[in-house]
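Visitor: I am in my first year and would like a close look at a single part of this protein, the place where aromatic rings meet. Could you take me there slowly, and then show me what lies around that place?

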Amino acid sequence: MRLLLVLLLPAAVLLLPFLLVGDRLDAALGGPRLVELLAAAGSWAWVVGIALLVGDLILPIPASGVMAALGIVYGPWLGGVIAAAGSFLAGSLGYLLCRGLGQRAASWLLGQRDLRRGTELADRHGGWLAAASRALPLLPETVACAAGLVRMRPAVFFAALACGAVPTGLAFATLGSLGADRPLASIAVATLLPLAVWPIAQRALRRSGPPHPALQNQRQGEQQGCKDS
């Protein structure tokens, strides 16, 4: 129960800016205004686009709209690469900031038992959520922060993040460049593609490295307990 409440904390914190300034940002960045903003930045439009996507970590910026606008300005491929980079950076920042709280702070917030349980759940199933969440509202930041808080293995998180960010960026940029106005279809495509890519990356990770140290220690303790009994 404590683990669930602490994992919901990032969602509550991220929801607050949406309630406070969501309408203003929607009015300022809605519709063609994003394209106008990027076009006005000239050769620095890619920097503005990435900054907006990273800013979505703390502000309710329409990330899918920014990715589509990058597709309109730069085309599907270059726009998609820039959108993917921005999404990846945003997820990385959320993860690293929460992980930077340190083992002691995480143990204080969660307790040793729930921290161990959270780490185990994240390493086993968190990759699916980290990959599939990039196309959805609010969830990408929540998942990234929660993964950092429970100290999900970096190799697993960043691989899953890439599997989610790249297809999502390319999908929304392509739809933007084509002038497609089908948000539900674009979200479906951007969510399903990472689910197809992640199993491949997951197999590669299993072959290339050991499990998280916390899980390794836990398994060693269980094996020692079996021997003692």
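Guide: Let us begin with the chain as a whole, which in this predicted model has 11 helices and 0 strands. Read from the N terminus on, the elements therefore follow one another as α-α-α-α-α-α-α-α-α-α-α. The chain has 229 residues, and buried residues make up 44% of them. Its accessible surface comes to about 12,200 Å², and 68% of that area belongs to carbon and sulfur atoms. Among the contacts between residues at least 6 apart in sequence, 81% join residues that are at least 24 apart.

Now to the rings. A pair of aromatic rings is described by two quantities, the distance of the centres and the angle of the planes. When ring centres within 6.5 Å are taken as a pair, the count comes to 4 aromatic pairs. One of these is formed by Tyr 95 and Phe 158, whose ring centres are 5.3 Å apart and whose planes stand at 75°; because an angle over 60 degrees counts as edge-to-face, this pair is given that name. The pair links distant parts of the chain, for Tyr 95 belongs to helix α5 (residues 76-99) and Phe 158 to helix α9 (residues 154-177), with their positions 63 residues apart in the numbering. As for their surroundings, Tyr 95 has a relative accessibility of 0% and so counts as buried, whereas Phe 158, at 25%, counts as partly exposed. The cut-off needed here is that buried means under 20% relative accessible area, while exposed means over 50% and partly exposed lies in between.

Phe 158 also takes part in a pair with Phe 157, and here the ring centres are 5.5 Å apart with the planes at 70°, so this pair too is edge-to-face. Phe 157 has a relative accessibility of 1% and therefore counts as buried. Taken together, Phe 88, Tyr 95, Phe 157 and Phe 158 form one aromatic cluster.

From the rings we can turn to the cysteines. A search of the whole structure finds 0 disulfides. Cys 98 shows how this comes about, because the nearest cysteine sulfur, that of Cys 145, is 3.8 Å away, while a disulfide needs the two sulfur atoms within 2.5 Å. Cys 98 has a relative accessibility of 18%, which is under the 20% cut-off, so Cys 98 counts as buried. Cys 163 counts as buried as well, with a relative accessibility of 8%.

Cys 145 leads us into helix α8, where it is one of the buried residues. Helix α8 covers residues 139-149, and because 10 of its 11 residues are buried, it is largely enclosed by the rest of the structure. Among the buried residues of α8 are Pro 140, Glu 141 and Thr 142, and also Gly 148 and Leu 149.

Following the chain onward, we come to the loop between α8 and α9, which is the place of Val 150 and also of Arg 151. Val 150 has a relative accessibility of 4% and so counts as buried. In space, Val 150 and Arg 117 are 8.7 Å apart, C-alpha to C-alpha, although 33 residues separate them in sequence. Arg 117 lies in helix α7 (residues 112-132), and at 32% relative accessibility it counts as partly exposed. The C-alpha atom of Val 150 is also separated by 9.0 Å from that of Glu 120, which is 30 residues away along the chain. Arg 151, just after α8, takes a positive phi of about 60°, and this positive value occurs in a residue other than glycine. With a relative accessible area of 16%, Arg 151 is buried.

Finally, let us look at a part of the surface. A nonpolar surface patch of about 330 Å² is made by Trp 44, Trp 46 and Val 47. Trp 46 lies in helix α3 (residues 45-55), and its relative accessible area of 39% makes it partly exposed. To return to your request, the place where the rings meet is the cluster of Phe 88, Tyr 95, Phe 157 and Phe 158, in which the pair of Tyr 95 and Phe 158 links helix α5 with helix α9.

Methods. Residues are numbered from 1 along each chain as its sequence is written. This is a predicted model: local features need pLDDT of at least 70, side-chain atom pairs count only at pLDDT 80 or more; totals for chains, interfaces and linings use all residues. Side-chain values use heavy atoms; hydrogens and water are left out. Patches are made of residues with over 30% relative accessible area and no salt bridge: like charges are joined within 9 Å, nonpolar side chains (Val, Leu, Ile, Met, Phe, Trp, Tyr) within 5 Å. Accessible areas come from the Shrake-Rupley method with a 1.4 Å probe; for residues, only the protein chains shown count as cover. A salt bridge is a side-chain nitrogen of Lys or Arg within 4 Å of a carboxyl oxygen of Asp or Glu. Helices (H or I, at least four residues) and strands (E, at least two) are DSSP runs, numbered from the N terminus. Buried means under 20% relative accessible area, exposed over 50%, partly exposed in between (1.4 Å probe, protein chains only). Rings of Phe, Tyr and Trp (its six-membered ring) pair if their centres lie within 6.5 Å; planes under 30 degrees apart count as stacked, over 60 as edge-to-face and the rest as tilted. Contact means heavy atoms within 4.5 Å.
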